[in-house]
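Please open the model in your viewer and keep the selection panel at hand. The tour begins at the ligand and then moves outward through the sheet to a pair of helices.

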Amino acid sequence: MAKISGLEVNWMSSEVLNNNNGNGNGSFKGQIWAVGGGKGGTGKSLIISNLGICLSRTGRDVLLVDADLGGANLHSCLGNSFPSVTLSDFIRKKVSSIKDVTIDTGIPHLSLISGAEDYLEVANTNYAQKMRLLRQITFVDSDYILLDLGAGTTFNTLDFFLIADSGIIVVTPEPTSIENAYRFIKSVFYRRLKKIVRHQGVREIIVEVMDRKNELGIKTPVELINYIGLINNDIGQRFKEEVLKFRPKLIMNNVRSRADINVGFSIKSTCLKYFGINIAYVGYIEYDESVWQAVRRRKPFLLEYPNTRPAKCLERITKNIIMNKDIEEEFIL
Ligand SMILES: Nc1ncnc2c1ncn2[C@@H]1O[C@H](COP(=O)(O)OP(=O)(O)OP(=O)(O)O)[C@@H](O)[C@H]1O
Ligand SMILES: [Mg+2]
């Protein structure tokens, strides 16, 4: 494992950037965090922008990238006005370097690449454009790069999630959000498996099982891995190792009760049982009026209301992600 600024880098970035995908040359020496998750409106942009503020307060340089290419709004979360340069300028090759679209947020150590233009062609970034973006990210000179990926399970979203050292899923305690989170975790894991295997037959099986109504009747990653193991023992073994390494992080947002917090633990145990995936439940954020009031005033809530409970929740989550720690059920009051 690589060491960065005294922090251990976990399983993904260098491995994927250098070896598996060939997305970049691996020159980036910091940590990439990405926030995604199936459903819209769960608090992803709000959380990633405030995680960025927390990290920047430690004196490390943080770059926030609004990679929600169809619905970017990170600049608003930070209280910045519509930026003059955005990720669209880079994707459309109006500028050659990603540095040319990086703007100062006015918050020390925190800069931003906004994706504020809402063109369909940008939202549907093609493979070559995506690779150029992924490659350039590896040249950025920053301690942390934080990516806001937006909702959904498009391949672009999944691929950005997979290059992250910490892939973070934001879920709220509602059935629709939970359902989407399971779908996202499954999709991103299948995408990861597909990227590490060359065997055409196995790749075709993975594509097939991504459809829930597949003819093989395979519904979970555990079933897929067992099935692949019967066809090819070596690949089955490799997949078993991958499932152990795959540890997406979960944040439960809009929490109003102890029962809501417990939904996070239920998701964790369900993922372990049916997917074989040991997600890290890194924390929850309470629902609070101060949060949406800050959003309405276009101010980051951590700066506007630093002593509120959601602000404390966020600081704890930042610490847990840095230290690679889960929250534990018995310590929740
Ligand atoms: N903990 C909270 N307490 C109160 N309100 C909240 C909380 N978290 C989020 N919100 C409200 O939810 C709104 C949506 O949040 P946000 O824009 O971050 O969601 P999103 O997941 O990024 O949405 P999209 O998928 O559309 O990008 C915020 O503007 C805020 O008003
Ligand atoms: Mg958003």
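Select ligand 1 together with its surroundings: of the 20 residues around it, those that come nearest are Gly40, Lys44, Ser45, Leu46 and Trp292, where a residue counts as near a molecule if its C-beta atom, placed from the backbone, lies within 6 Å of it. This is a predicted model, in which local features need pLDDT of at least 70 and side-chain atom pairs count only at pLDDT 80 or more, while totals for chains, interfaces and linings use all residues. Residues are numbered from 1 along each chain as its sequence is written, and chains are lettered from A and ligands numbered from 1 in the order in which they are written.

Colour the shell around ligand 1 by residue class, and it divides into eight nonpolar, nine polar and three charged residues (Ala, Val, Leu, Ile, Met, Phe, Trp, Tyr, Cys and Pro count as nonpolar, Asp, Glu, Lys and Arg as charged, and the others, Gly among them, as polar). At least two residues of this shell come from each of helix H2 (44-56), strand E9 (249-255) and helix H13 (289-296); helices (H or I, at least four residues) and strands (E, at least two) are DSSP runs, numbered from the N terminus.

Next, show the strands as a cartoon. Eight of them form an open sheet with mixed pairing, in the order E5-E6-E4-E7-E3-E8-E9-E10, two strands being paired if DSSP finds at least two bridges between them. Strand E5 (102-104) and strand E10 (280-286) stand at the edges with a single partner strand each, so one side of each is left without a neighbour in the sheet.

Now select strand E8 (residues 166-171), where six of six residues are buried, that is, 20 or more other C-beta atoms lie within 10 Å of their own, with C-beta atoms placed from the backbone. Ser166, Ile168 and Val170 are buried on one side, and Gly167, Ile169 and Val171 on the other. Strand E3 (residues 31-36) pairs with E8 in the parallel sense over four bridges, and Val35 stands opposite Ile168. E8 and E9 also run parallel, joined by four bridges; here Ile169 stands opposite Leu250, and Val171 has Met252 as its bridge partner.

Finally, return to H2 and add helix H15 (residues 309-322): the two pack at an angle of about 70 degrees, with their axes 10 Å apart (axes are lines fitted to C-alpha atoms, for helices over the stretch in contact, and angles run from 0 to 180 degrees between N-to-C directions). H2 and H15 are therefore roughly perpendicular to each other, a description that covers angles of 65 to 115 degrees.

Technical notes:
Buried ≥ 20, exposed ≤ 12 C-beta atoms within 10 Å, placed from the backbone. Parallel < 35°, antiparallel > 145°, perpendicular 65-115°, else oblique.
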